[in-house]
Amino acid sequence: MSERLRPIRRAIDWGELGPLRLRARLVAEGVYAGLHRSARRGAGVEFGGFREYVVGDDLRWLDRRSLLRHERLVVRQFETETDRDLCLLVDASASMGFRGPRAPGAKLAYAAVVAAALARIGLAGGDPVSLTLFGGGANARPVPRSSGREQFERIVAALESVEAGGDAHVDAGALDRTLQTLARGARRGAIVVVLSDLVDLPPGAAERIAAIGTGGRVLAVTQVLDPAEAEFPYGGHVRLRALEGGSVVETDADTTREQYLAAMAELTRGWREEVVRHGGRFLAVTSADDAVSTVRSVVEAVR
């Protein structure tokens, strides 16, 4: 009779990555540049409405019709290509709760730090930011798009309260519902950043997530693996339990390593090709990588 399995930890194992608010600020400060130039109103590519004329405005953008009909000085505004929303999608499913011996925290904790740091950078540039969570149990709540200092606090609070939970094997429609929520709030020109291990997602997930990068949006998918998942450092007889799906495997690590690493490389390759094929950017990191470097890589990818 096999030994009884220990309960799976659901609360985020922050380890050295907490507290989130402080860690995110330190990471953001370590990134030398923002996501793009600050949002500005001016002569650009898309009409952005009207506002009252103020002294110093460029007279070329006066609306003559309004002046003739209503005797009002009104200026036409245009949204420049740098005026973008930042939409963050963080995978909080059960597999993201894993933390190996070399990682400073769980994968979900690492993704939360990166997401919060990106939010702080975007908000500092004057851009609206939103947060969508995939999985995460009953405490997982999306944070609608908004700007300002308080939005950072809302995003941090949402990430701190979530627990690693949810299984696509049990609820096959969970991903589609999450993507629908994200798509409704991601306007044309938005930057969409996905943070996930990309493990145990339903069939066709790569294509559906990659499709978010169409319609004038910029998509960056960041795969976050634990070093133990990326390298499979185990030896001898091991017992492995899937955090999603519930399967338990007993095997000899030395004979299985090559096959496992090949399968993981194939998973990453398939995601990379699908995302790039749809015009998106793909990054692969581990939860032991320097968070500043990861955030900087995402920033450079979406410029």
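In this predicted model, the largest cavity encloses about 60 Å³ of space. The structure holds one cavity of 30 Å³ or more. Its lining is formed by L89, V90, D91, F134, L175, V194, L195, S196, L201 and I209. Two elements, β4 and β7 (191-196), each give two or more residues to this lining. By class, eight of the lining residues are nonpolar, one is polar and one is charged.

Three residues of the cavity lining, V194, L195 and S196, are also contacts of T222. T222 sits in strand β8, which spans residues 218-225. The residue is buried, and its relative accessible area is 0%. Beyond V194, L195 and S196, T222 touches L283, V285 and V298. Residues up to four places away in sequence are not counted among these contacts.

Strand β4 recurs in the packing of helix α4. This helix covers residues 149-161 and has 13 residues. From the first C-alpha to the last, α4 reaches 19 Å. That span is close to the 18 Å expected at 1.5 Å a residue. The buried residues of α4 are Q151, F152, I155, V156, A158 and L159. They cover an arc of only 160° around the axis, and therefore lie on the same side of the helix. An α-helix has 3.6 residues a turn, so residues three or four places apart point the same way. R149 and E150 lie on the other side of α4, where they are exposed.

The buried residues of α4 pack against both helices and strands. The helical partners are α1 (20-30) and α3 (107-124). The strand partners are β4 (86-92), β5 (129-135) and β6 (143-146). Of these, β4 is also one of the elements that give two or more residues to the lining of the largest cavity.

A contrasting environment is found at E258. This residue belongs to helix α8, residues 253-277. E258 counts as exposed because its relative accessibility is 68%, and the cut-off for exposed is over 50%. T222, by comparison, is buried at 0%. E258 and F232 are separated by 26 residues in sequence. Their C-alpha atoms are 9.1 Å apart in space.

Terms used
Residues numbered from 1 in each chain as written. Predicted model: local features only at pLDDT ≥ 70, side-chain atom pairs only at ≥ 80, totals over all residues. Heavy atoms only, no water. Helix = DSSP H or I, 4+ residues; strand = E, 2+ residues; numbered from the N terminus. Expected span 1.5 Å × (residues − 1). Buried < 20%, exposed > 50% of the residue type's maximum accessible area, 1.4 Å probe, protein only. Arc of directions from axis to C-beta. Contact = heavy atoms within 4.5 Å. 1 Å grid on protein atoms, 1.4 Å probe; cavity = no way out; pocket = protein on both sides within 12 Å on 5 of 7 lines; lining within 4 Å. Points joined across faces, edges and corners; volume = space filled by probe spheres on them. Nonpolar A, V, L, I, M, F, W, Y, C, P; charged D, E, K, R; others polar.
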